[in-house]
Structures are given as structure tokens and as C-alpha cells.
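Hi everyone, thanks for coming. Please have a look at the structure on the screen, and then I'll walk you through a few of its features.

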Amino acid sequence: MAKQLKDINLLKAYEVANKPKEGSTRLFILLIILELTLALFFFSMYVTKTVSLSNENVRIKDEIKQKEVMLKELEVTYKKKNLLDKKKEAYDVIVSRHLKYLKILDNIENLSPQNLTFENINLSLDKLTMTVRAPNAQTVTQFVYNIQNSSFFSNITFNSVNGPENAKTSTITADIVGK
């Protein structure tokens, strides 16, 4: 008996075996969409973080520049303060010397006779040199005598009394001991 042979369509069998199922295609598309969404989400998070870090960096740089300007202003102010302190110290020294000079000049004025004039006074804190003029030699010698008897001056020296009769001059030097 002869068997009947059936014709086997292998192409159809291959298509049936390898035919994608409708559900798996949808699942595949959904997975791709999900992956793209996640990639887009992470990319947007990355961009957002990068932009926020960039903005923070710019803000910090601006703040550093402001602080540097403030620091420079502070340094200038500190230098000015130091200069003012040094000026104050110098003024204090000058004022204290000035008061000492005034005290010395007051003593000289109190010791000088009425008709004695001063042509030149060189004054330091411990030495006095002056050139005086008077109408007569007695007035000059009276002034030298007054200075010698003062406790404010010591080591008084003077050269001779020179000049015409109504204009006698002399140079007197003294150490200042009263301060």
C-alpha cells in the first residue's frame, strides 16, 4: 500500500515558529520607551545638576571677588590706621616738645630785662644759644646774671658785649637743666 505523502511546507512552519507574538512586540516597544524615558530622566537630572553646580560656581566666584575687594579695602584701611597711629605718635612727641619749648621760652622771658631784645634764638631740648641786643652793656650783663641765678639753666657762657653805644649785642649759650 502506498502511503500517501504529505507535502510539508517548511517555510510556513518557519514563519509560525518564529513569528513574533503580538504581546511580545508591545512589551518590547514598552521596554524601549521605558529605557528612553529613564535615559531622558537621568540625562535631565545630569543637566540640571551640572547647571546648578555651574551657577553655584559662578556665585562662589562672585563672592570671592567681593571678598577680595573687601580685603583690599580692609588692607588700605589698616595701612591708613597705622599711618594715623604713627602721625598721632609724632604729634604727641611734637606737642610734648612744644610744651617744653614754651616752658623754656617762658623762663627766658621772665628772666630778661625790659629793654632787651632777642635777635636770634636756637633752641633744643637741652641747649640754648641766643643773640641779644640791648641799649647798654649793663642790660646784657643783668640778663646773664639772671640766667646764672636761675635753676633752669647751667653752664652759661657768653662772649663780650659788642656794638655801638645804643646797640650792644652778645651771644649767650646755656645748658637747659629744668625740663
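Let's start with a phenylalanine: F153 counts as buried, at 4% relative accessibility. Before I go on, please keep in mind that this is a predicted model. The partner of F153 is F152, and together they make an aromatic pair. Their ring centres are 5.2 Å apart and the planes meet at 75°, which is edge-to-face. F152 is buried as well, with a relative accessible area of 8%.

How many aromatic pairs does a search of the whole structure find? There are three. Another of them is F118 with F143: the centres are 5.8 Å apart and the planes stand at 80°, so this pair is edge-to-face too. Where do the two rings come from? F118 belongs to strand β1, residues 117-123, and F143 to helix α3, residues 137-148, so the pair ties together parts that are 25 residues apart in sequence. Now, is F143 buried or exposed? F143 is buried, at 0% relative accessibility. F118, on the other hand, is partly exposed, with a relative accessible area of 31%.

Next, stay with helix α3 for a moment. With 12 residues at 1.5 Å a residue, α3 should span 16 Å, and its end C-alpha atoms are 17 Å apart, which agrees. F143 has buried company there: T139, V140, V144 and I147 are buried in α3 as well. Looking down the axis of α3, you'd find the buried residues within an arc of 140°, so they line one face of the helix. Here is a handy rule for this: an α-helix has 3.6 residues a turn, so residues three or four places apart point the same way.

On to the strands. β1 and β2 pair in the antiparallel sense, over six bridges, and a hairpin of three residues joins them. If you'd like a landmark, find N120, which stands opposite T131 in β2. β2 also pairs with strand β4, residues 168-176: eight bridges join these two, and they run antiparallel. The landmark there is K127, which stands opposite D175 in β4.

Finally, a word on confidence. The mean pLDDT of the protein chain is 87, and 93% of its residues reach 70 or more. Which element has the lowest mean pLDDT? That is helix α1, residues 10-18, with 71, while strand β2, residues 127-134, has the highest, with 91.

That's my tour, and thanks for listening!

Key
Residues numbered from 1 in each chain as written. Predicted model: local features only at pLDDT ≥ 70, side-chain atom pairs only at ≥ 80, totals over all residues. Heavy atoms only, no water. Phe/Tyr/Trp six-rings, centres within 6.5 Å; stacked < 30°, edge-to-face > 60°. Helix = DSSP H or I, 4+ residues; strand = E, 2+ residues; numbered from the N terminus. Buried < 20%, exposed > 50% of the residue type's maximum accessible area, 1.4 Å probe, protein only. Expected span 1.5 Å × (residues − 1). Arc of directions from axis to C-beta. pLDDT = per-residue confidence, 0-100. Pairing = 2+ DSSP bridges.
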